Each structure stands twice: as C-alpha cells, then as structure tokens.
Amino acid sequence: MTRRERWTLILIWLGLGLLPLLVRPLWEPDEARYAEIPREMLATGDWLTPRLNGVLYFEKPPFQYWLSAISMKLFGVNGAAARLPLALASALAMWAAWRLAKRLGARRPLWAPFLAVTCLLGFLVGQILTLDALFSAFVVAALVASMEAVAARVDSRPATAWTLGAFVLLSAAFLTKGVAALALIGPALVASLGYVKGRPGLKKAVLATAFNPWGWLLAALLTAPWFILVDRANPGHAWFFFIHEHVARFATHEAKRQGSDNWFLDKLYFLGVLGVGLLPWLSACLVGLRRGWDFLRSRGPRAEDGGFSRWAVALVLLSIAWPLFFFSISGSKLPPYILPVVVPLAALACTFEREGEEGRALARVGRELGLLAVIFLAAGLAFSKDLSGGRGWILALAAALALLALWAHRPGSLTGPGWKVLTGPRLMAGLGACLWLLILAAQASAGPGKSVAGLVRSAPADAQWISYGSYAQGIAFYGRTRCVVVAGTGELAYGRDHLGAEAGRWFDEDPAALGTVADRMKAGDPHRPVLVLAPPRTWDRLDPAARAGWEVVRRSPGGVVAQRR
C-alpha cells in the first residue's frame, strides 16, 4: 500500500466509518440493546454472563459486548462510545476489500474499500449498532487472510502468520455471532478445492491452510473457554445458544423473521436486499460478477502462477454464492445478514474493470445515483406528513444525488482535467457528502421516533421505571436502572424464566396490571416517583379509567412518559 493509498483510506474511514457514529443518540431497539448489555457488564463487574435489564441474555456471544464495555470504560457511558466497535468493523472491512482487490490484480484496488463502505447496505449497517458489521468484517478478513496464506505457500514464503491470523479472525467472528462464522467460510474453502485439479502444489497449500492443526488448536483455545465457563455458571446456556438460537432459527420460522409469507418470494429476499443495498454500485458489481464467472469458465492460457488466479477468483465467487444460498434457505432473515458478500463483490468489480471504460462505468454510476435521487424525492413527497422535521433533509439529499448524477454524465473520464469533469476524488467527496446528508435526514425524520434518550434523560434521576406494551431498551441505558416490564417481555422471556421467585417482581404480562404494578412499586419506595414509558399508540389505546391514575409529563414520537399520581 502506497502512502497516498494509506492516507486516502484513513480519510475515508474517518469521514464515513468513525465520525458519523458520534452524532446521534441510540435508536430502539437494536442499538439500545447492544449498548445496554455491555453497560451492565461494567455496572456489575461480571464480564462472563451477558445480561439485559438484569436478566440472562444468551442470544449472542460476548466479544462485541466486551469491546463496547472497554470503549465505555475509556470514553464514558454514552451511545458514541458504545458504537466504537463499528469503527473497527469499517476499518477491517476496508482493509480486507483493498487487500483482496490487490491480490486479485485490480489496477485500482483503492476503489474496492470505497465501494464496500459507500453502497447503501455497507454504509447503513456500518452506522447502526448491531453485531452484523463487526461479524461480517471478521469473516471477510479471515477469508482474505486464508487466501494470503495459500498464496504464501504457493510462492514458498512463510505462511504461519497469515494462517494463524485467519484463525484468530475466525475465532473473533465466532465469539461475535456464533456458528455462522464457520458455516460461511468453511464450505466456501472446501468447495474451492474443485478448482485445484491438476495442481498438486496449490491443492496442498489450500489443505494446509484450511486444516492447519495449530490454527484449529488456537481457535479452540480462543473460543472454548468462554462457552465452557458461561455454561458452568449458567446451566442450560449451551442448549439455548446452539439449539434454540442456531438450529431452531435456521430450520423454522420461530423467530418470525422470514422475508415473506410467500415461499418463493422468501427465497428471493436477499436478491432484493442486494438489488437496493448495492446502489450506487450495483451495475459495477454485476459486471464484475459476470466477468469473474467468464474468467473462471474460460479455457484459454492461464497466468504462470500455478493456477492460483483461477482458484482465487473461484473462492471469491463461492464466498458470494454460498452465503447467498445459506441465508436464503434459512427460516430467519434480516437485511444485514447478507453483508459478508459486499466486500467480495466490491473486489470483483475493481478487479475486472477494463482500461478505457471508465467513462461508461461512471455513466452507470450516474444512472444509479439518479435512481436514488428519485427514490428519496418520492419518499420526501409521499411521506411528508410522517417525516417530522426530516422532509427538508430528504429533499436536500435527493437534490445532491441528482446533481452528482448529472455531473457523472458529463463527457470526460475519472482522470480528466478541469472542474467540469467528475474525477475520482471528486466522486468520493461528493458521494461522502450525500451519505452525510443521509445520516442527518434519517435522524431528523426517523430519529425522534426511534430513540427514548430525551424522554428518559428528562426524568428524575431516582425514578422507578415501568416499560409498558413493549420493552424499551433505552430506559435501562439512559436511566442507569433496571425497569419493570408489563405486557412486553418479548426477548427477555428466557431471562425471566430463570429468575425464579423474582420473576413476578420484574415482569407481568397482563396489560390490565399496569396500575397494580405501579402502586406496588410506589408503596415499596414512596420517596421515588414511578414513571411509565409506553409507545404512543399503546398509551392512547389504554382504557381511560386506567390512564386517569397517571399524569402525562412528556410525549414524543418515541413514546409517552407518565407519572403515577
């Protein structure tokens, strides 16, 4: 990597991977959940057992929780600190995209990380505090490290560092989200052996990397201790995590996350996600995908690299096809799941770009920018009544995208002189500015209804809280206190069922029990006010007689806060 490439990547990372994480409060429910779990680790001093609202929460392993907890220990308990692991995710994904494109022989490998972090899917998932961005970054980085280990062995260079590095990254992915790490990488590597026939040296290198005994021993030493210790401390964890959270979710619709109730549309779900999520680089990715397949099928002379180039392209194509198939047949689907295919697609797009076609490629990007402009313009006009103060930001975003699209259609190339030509750096800066407008538009339009930060912060610090109708994740994070949940247990059911005699104190699924629960809390500690937070529609549907015992103290699109009289 040249010095210029390094500084360009750092600026892209700062502008799109780090600074946007600092500008808005946590959104419900995911961001507040994944910030509260590490906050409770800090508060209790128990870094072994994940808890949410004081109860056991075993849906995911702890690695990102640990990172967020360390970040909040260093920078304070706030949403920005909780999100900082996403900055690591974007940095790692950018490195993986650059390294993969360079290994495949791209003329401009710097564009691969830019494509990966500026497509809609890559950018949006990288801004929202879930586990998917970090998990995906570890997966693709492990894939790239594996490819580098194979390349080193083929070239008779030391491969130990790359090999062990791949297993460390695989272990980190496993400790971030579980068995899916092995399920995504392992089959792709094994299937790639079909492209090493007649190349014994290459086959040996792939096998030595994928089945390296020291690598697997290292992975076991890194991952097994937590699973053993947490199951000893909390018997039943292993069954819940591996069977309920993996097998049952994959094989059934228990989580109610299917892409569609129609079987056929459900299987096409992720094609739709990628069709929108890859904009404004969809055409570039499709061209790279087609040319990569053509390269794999061609029978012409190969480069004198022992067949490595063909195997490498095959592995990249498999790392796209296999996750797409795997998640498509799963009974549980969410858009971020398919994120691991974005980096390989970006690398292929850059690798198979041909000399002299920059103008046509730029025109295709311009058309997709224009499409995005139309989409946001339509959204701004059609949903103006529901966008609160965000309508102006959305229209500004549509105008900026339209201007960038028109600029891309001017005659010239990415390297032409003069301000009339949209050069590469100008395209990067322009698209980066549009993505910042997207952040501001999202916060202005959806943010007020997606965050309870203002509602909770405005309440007395010693308040006793009830979350009614659903579990508002942000109460515990911003209030620094556990809350009672009435008619909204949801994902806390496993933890509730393991509370024993304490379950009745913290949970009640009867919607009519709100007043009774509040009076009990008030009698138990009469000097502390009792507040309830409920979704606006849930509160409005509450029986007038039940509401009479409460005084509404604040209302926003994110909820209604009322105090027990």
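Which residues do ring pairs link into a cluster? In this predicted model, the cluster consists of Phe250, Tyr269, Phe270, Trp322, Phe325, Phe326, Phe327 and Tyr337. The count of aromatic pairs comes to 25. The points below cover two of the aromatic pairs, the surroundings of strand E3, and two arginines placed over rings.

**Aromatic pairs between helices H9 and H12**
- The ring centres of Phe167 and Trp216 are 5.1 Å apart and the planes meet at 70°, so this pair is edge-to-face.
- Because Phe167 belongs to helix H9 (residues 160–177) and Trp216 to helix H12 (residues 213–233), the pair ties together parts 49 residues apart in sequence.
- Phe167 is buried, at 5% relative accessible area, whereas Trp216 is partly exposed, at 38%.
- Phe174 and Phe227 also form an edge-to-face pair, with 5.5 Å from centre to centre and 70° between the planes.
- This pair links Phe174 in H9 with Phe227 in H12, 53 residues apart, and both residues are buried.

**Strand E3 and its partners**
- Five of the five residues of E3 (residues 464–468) are buried, so the strand is largely enclosed by the rest of the structure.
- Gln464, Ile466 and Tyr468 point one way from E3, while Trp465 and Ser467 point the other way.
- E3 pairs in the parallel sense with strand E6 (residues 530–534) over four bridges; Val532 is the bridge partner of Ile466.
- E3 also pairs in the parallel sense with strand E4 (residues 484–486), over three bridges; Val486 is the bridge partner of Tyr468.
- A right-handed β-α-β unit is made by E3, helix H24 (residues 474–479) and E4.

**Charges over rings**
- The charged end of Arg480 sits over the ring of Phe477, 5.4 Å from its centre.
- The charged end of Arg482 sits over the ring of Trp506, 4.1 Å from its centre.

Terms used:
Residues numbered from 1 in each chain as written. Predicted model: local features only at pLDDT ≥ 70, side-chain atom pairs only at ≥ 80, totals over all residues. Heavy atoms only, no water. Buried < 20%, exposed > 50% of the residue type's maximum accessible area, 1.4 Å probe, protein only. Pairing = 2+ DSSP bridges. Right-handed = clockwise from strand over helix to strand, strands pointing away. Phe/Tyr/Trp six-rings, centres within 6.5 Å; stacked < 30°, edge-to-face > 60°. Lys NZ or Arg CZ within 6 Å of the ring centre and 35° of its normal.
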